[in-house]
Amino acid sequence: MTDMPGPVSRLRYPLGWRVMDALERGAGILWPRALHRLTGWLLIAPALLLVAVLCLGLWRIAQGSLHVLDRATFLPAEAYTLENYRTVLDSATYLKIVWRSLSGAFLTVVFTLLLAFPYAYMLVRTPSPFVRKALLAVLFLPFFIGQVVRAYGWLIILGNSGVVNDALGLVGVTPMRLLFSFPTVVFGLVQYMLPFAVLLLAPALTAIPRETEIAAGSLGANWLQVLWHVTLPMARPGLVGAGLVVATLALTDFAMPAMLGGGSQDFIANAVYDQFFRTADQGLGSALALVLVALGSVLVGAVFAAFGAGTLAMGGKR
Amino acid sequence: MKIHDTGVSRRAILRAGAAAGGTALLGTLPATRLWAQEPQKPAELIVRAWGGEWVEALKRGVSDPFTKATGIAIRHDLTEDNEIQPKVWAAVAQNRVPPIHINWDTTTNATKSALRGVTEDLSDLSNLAGTSELSKPVGLDGYPIVNTYGYVYVLAYRPEAFPDGPPKSWKDLLDPRFKGRIALYNDGIGFHFPAQLAGGGTLADIPANMEPCWEFCRKIKEQSPLLGEDPDFTAWFQNDEIDAACTISTNALAAKRNGVPIAWTVPAEGCKFDTDGLWIPKGLPENELYWAKQYINFAITPEAQQVWLDGLGLPGVVPGLTPPEGLAGDPSYPTKPEDFEHLIRVSAKVQVENESDWFARFKEIMQG
């Protein structure tokens, strides 16, 4: 008679294994093996659902943009019309606002990349862990503070009675208006976007082998030539990715123009807000919102076509 | 008072309401006796309000005494009036319970909601009998809104910037020394009508011909004005960013009470006079609607008005209120017929129908 394996032998399997077995059986019931080829779709289903909800919202906005406001009832008129789009196109104000948004986004990208590149380069190349941590801390401390709070910070710092004017007063300079202008809005946007740009640039710079730069130097290139002919071209995916993210965020920004612009430097998002919430004209607000979506999409499409998707392509084909 | 297309006489505005029975005080009667047979009380009512000094005054004058009398807690929702509007409209359109019970709103904004049909009728409030005609919204049937006080968009200024005395005309703001030192609301509200007169136009031309207004706005634009909202004005005065602003007198008063050196005046062309009110969105359960109405009914008692409007420094809709200290005879606190002579009132209907165009035109000039 042989010894039969009793209950004790089952304990050879750790508890964790048995839990996992149970979970696998449960998953097999919920998601049979025959459906395994669809597992990938299952995993991206939540993301697809989110996109579908966004598309549905966009569709409703598009529908809303085709009705003018009936001011006798403050309800959208029943008739379908392109009148709201005509209003946008015929308005010198809106065209000015569109132009200001585009130029503001462009300048923000230029200045942000100019500042972010050396910062990210130093972050990646420094041999000192202390310096790297210090750079990260300096970069991320303002990142944890909301955009509105940061804008208020600039109101305090740059105001007529602010820190900067106080400092200027010490050397005999009379207080000057530093706030409520287009340059101030761009300044605020650059400061806000800097961490985003550094975060997107750093991986691209990390991927450039230091030996490549050393090799260029050993062949006689000075640092400027190395930067221009080696580092910048190899960092292009990072620059494109960072530029795109900064451009789209700046183009659609609301808080900085509202708070640092003194009411006269509106971007498109501010105009959309005015129509939705100030004049209750949701049709016109919807038309402006779609113009903003179209501008952003065209901008991104043009950059993709000209330079590829950069780091946003995640290593895939252009 | 310059009244344009309102159908309301100065005398009528100031006439005392009758029916003393309607002014019975909620706060002086025991809650259990007063509402022994009333519908079930909700745990709380949500009242949308403006923040800062505005909500503090409402709390002292209306909300706290109402809670004391009824046991119903009042939650103040500080969502901006313009932002709550589409939420309420959407809730009513979708047959949902609205996000607030009572909306403290400008009469112009509230009129839009009334025209859209999302407001409950408040004609059955007993205390309306004790109010002046100012409480009645002009151009609307019944009481979809109850106006609760009036206010003036004064010309507030820093006395040290005007050493020769208060500005006598809105045109004084065109002095080059005020370049970059004046402020207006970012949609121009409160400024359009005096600008119409300062630009050489007449009130009778509103809304058909507002070109004098826009011409004056273009001149003001050359002065690089700052454009903002209520809280901005106090901050700008406090931080020495501006010397003068067209703002509601309450904001100027709040700044003064906070130690900011500020005064205000009604220039020769006059100032816009308008009203705010309370209304209830449709879609509330019956018992909550009942208690929301009681809240508004209480807000128009003399006792509630006295404390609430002492805080705001504004004239109410109940006759016989005592002006807050220092405001008796002040141009921002009109009570007598002669006080209204330099104030401009345009009907909510005209404003509602044309406001979007005026805002757009003002923006067009100021965004240049």
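Here are four short exercises on a predicted model, each with a worked solution.

In this predicted model, local features need pLDDT of at least 70 and side-chain atom pairs count only at pLDDT 80 or more, while totals for chains, interfaces and linings use all residues. Residues are numbered from 1 along each chain as its sequence is written, chains are lettered from A and ligands numbered from 1 in the order in which they are written, and side-chain values use heavy atoms, leaving out hydrogens and water.

**Exercise 1. Describe the contact between chain B and chain A.**

Step 1: start with the residues. Chain B brings 32 residues and chain A brings 29 residues, where contact means heavy atoms within 4.5 Å.

Step 2: turn to area. The two chains bury about 2,700 Å² between them, with 45% of it on carbon and sulfur atoms; buried area is the accessible area (1.4 Å probe) that two parts lose on being put together, summed over both. On the chain B side, R116(B), E241(B) and Q367(B) supply 23% of the area buried against chain A, more than any other three residues.

Step 3: count the polar links. There are six salt bridges between the chains, a salt bridge being a side-chain nitrogen of Lys or Arg within 4 Å of a carboxyl oxygen of Asp or Glu. One salt bridge joins E229(B) to R278(A), with the closest N and O atoms 2.8 Å apart.

Step 4: find the elements. On the side of chain B that touches chain A, α4 (81–93), α5 (107–116), β7 (226–228) and α12 (348–366) of chain B each supply at least two residues. Helices (H or I, at least four residues) and strands (E, at least two) are DSSP runs, numbered from the N terminus. The largest share, 11 residues, comes from α12(B).

**Exercise 2. Work out how domain 1 and domain 2 of chain B meet.**

Step 1: set the bounds. Domain 1 covers 9–32 + 42–151 + 274–324 and domain 2 covers 153–273 + 341–366; such bounds come from an automatic or database domain assignment.

Step 2: place the domains. Their centres, taken over C-alpha atoms, are separated by 28 Å, and the contact takes 20 residues from domain 1 and 15 residues from domain 2.

Step 3: look at the area. About 1,700 Å² is buried between these domains of chain B, and carbon and sulfur atoms give 59% of that area. W54(B), Y151(B) and D274(B) lose the most area on the domain 1 side, together 33% of what that side buries.

Step 4: check the charges. The rule finds two salt bridges across this domain interface. K272(B) and D274(B) have side chains that meet in a salt bridge (3.1 Å, N to O).

**Exercise 3. Is S332(B) buried or exposed, and what does its side chain meet?**

Step 1: locate S332(B) in the loop between α11 and β11 (343–346) of chain B.

Step 2: read its accessibility. S332(B) has a relative accessible area of 1%, so it is buried (buried means under 20%, exposed over 50%, partly exposed in between; 1.4 Å probe, protein chains only).

Step 3: list its polar contacts (N or O atoms within 3.5 Å; within protein, one must be able to donate a hydrogen and the other to accept it, and residues adjacent in sequence count only if both atoms are side-chain atoms). The side chain of S332(B) makes one with the side chain of W264(B) at 3.3 Å and another with that of D330(B) at 2.6 Å.

**Exercise 4. Where is A204(A) found?**

Step 1: A204(A) belongs to helix α9 (residues 182–206) of chain A.

Step 2: with a relative accessible area of 9%, A204(A) is buried.
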